[in-house]
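Colleague: Please give a close account of one part of this model, and then place that part in its surroundings. I would like the cut-offs stated wherever a term depends on them.

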Amino acid sequence: MNAAGVRMVVTRARSPGTGASLRPGGEKAAPLRSGEAAAGRKSYSPVKRRRKARRLSVAYEASEGEEGAGAECLQTPSWQPQDWRQQLDNIRTMRSGKDAPVDQLGAEHCFDPSASPKVQRYQVLLSLMLSSQTKDQVTAGAMQRLRARGLTVDSILQTDDSTLGTLIYPVGFWRSKVKYIKQTTAILQQRYGGDIPASVAELVALPGVGPKMAHLAMAVAWGTVSGIAVDTHVHRIANRLRWTKEATRSPEETRRALEEWLPRELWREINGLLVGFGQQTCLPVRPRCQACLNRALCPAARGL
């Protein structure tokens, strides 16, 4: 901290009528008198030292040009899991082949590259809605059938529910998704001119769109990293590696826990990296720990 640019305001033991005082917890109650501050005089009686050190409430005020310097210096390091960087590097090594289903069939591969940007964004959102509780291969097949008929906002609104259900079957919960797709598509036409919203708050307000879909839509459709997209794979692996300070019970809890410590520059990468790792190695049942480079570093694999 630059001593020249910061002054300390200390709670006075006596003479509460002069200078600055601090309320319990360090809250500043009144500023120094302007005359005293300008003259550089101390406006408090010296605190008598004791043999045992006393804890004093101290407030740091940054001078002009150094706004926020005090808060930055006082900030305590956040919690981080043990060995996470080595674990991440090992996962990158195991995923270097880019040959998991998500690498060829994920949301960024399901839209028509020759379509207009607005149509592409709509197709990205639709593929994410279909992907819930569904394998990538099944989602990709449904998207191919929809695109063969011309997948746009207008074409979906003109398709009857029975036909739409036939086209997307056998995606998980296909009957509910027919309803959500129709409702969301109508909202997009009425409120957004056929485009998709450009914020997480507006996306999750759409029928059938959850936080994971919203963050992926922001990344793939709009090129904006708004948060970590956490699905069942990311949720499972983060808990197995103890990448959360405490065990989490849902993907949304895991997202919040990861965003507290994982550097933001890794947020875009982490979803695809862990999803593919979960599809190939860290399986839900009978994970392939013997072939995993993190076997010695993974709490869930110890003793196997």
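**Helix α9 and its surroundings**

Modeller: Helix α9 comprises the 19 residues 174-192, which should span 27 Å at 1.5 Å a residue, and the 25 Å between its end C-alpha atoms agrees with this. The expected span is 1.5 Å times one less than the number of residues. Helices here are DSSP runs of H or I with at least four residues, strands are runs of E with at least two, and both are numbered from the N terminus. The model is predicted, so local features require pLDDT of at least 70 and side-chain atom pairs count only at pLDDT 80 or more, whereas totals for chains, interfaces and linings use all residues. Residues are numbered from 1 along each chain as its sequence is written, and side-chain values use heavy atoms, with hydrogens and water left out.

The buried residues of α9 are Lys177, Val178, Ile181, Lys182, Thr184, Thr185, Ile187 and Leu188. Buried means under 20% relative accessible area, exposed over 50%, and partly exposed in between, with a 1.4 Å probe and protein chains only. Their cover includes α5 (117-131), α7 (153-157) and α8 (161-168). After α9 comes Gly193, which has a positive phi near 60 degrees.

Helix α9 also contributes to a nonpolar core, that is, a set of buried Ala, Val, Leu, Ile, Met, Phe, Trp, Tyr and Cys residues joined through side-chain atoms within 4.5 Å. The largest such core holds 35 residues, and Leu125, Leu126, Leu130, Leu146, Ile156, Ile168 and Leu203 have the most contacts inside it. Two or more residues each come from α5, α6 (136-148), α7, α8, α9 and α11 (211-221). The greatest share is that of α5, with seven residues. Contact means heavy atoms within 4.5 Å; beyond its neighbours within four places in sequence, Leu146 touches Leu126, Leu130, Leu151, Ile156, Leu164, Leu167 and Ile168. A separate core of 27 residues includes Ala100, Trp243, Leu274 and Cys289.

Trp243 also belongs to an aromatic cluster with Trp79, Trp84 and Trp261. Rings of Phe, Tyr and Trp (its six-membered ring) pair if their centres lie within 6.5 Å; planes under 30 degrees apart count as stacked, over 60 as edge-to-face and the rest as tilted. The whole structure contains four aromatic pairs. One of them joins Trp79 and Trp261 edge-to-face, at 6.3 Å centre to centre and 90 degrees between the planes. Trp79 is in the loop between α2 (69-74) and α3 (84-94) and Trp261 in the loop between α13 (251-259) and α14 (267-280), so this pair ties together parts 182 residues apart in sequence. Trp79 is partly exposed at 32% relative accessible area, while Trp261 is buried at 5%. Trp84 and Trp261 are also edge-to-face, because their ring centres are 5.0 Å apart and their planes lie at 70 degrees. Here helix α3, which holds Trp84, is linked to the loop between α13 and α14 across 177 residues.

The structure has zero disulfides, a disulfide being a pair of cysteine sulfur atoms within 2.5 Å. The sulfur of Cys292 has its closest cysteine sulfur in Cys289, at 6.6 Å, which is too far for a bond. Cys292 is buried, with a relative accessible area of 16%.

In the protein as a whole there are 14 helices and four strands, and 42% of the 304 residues count as buried.
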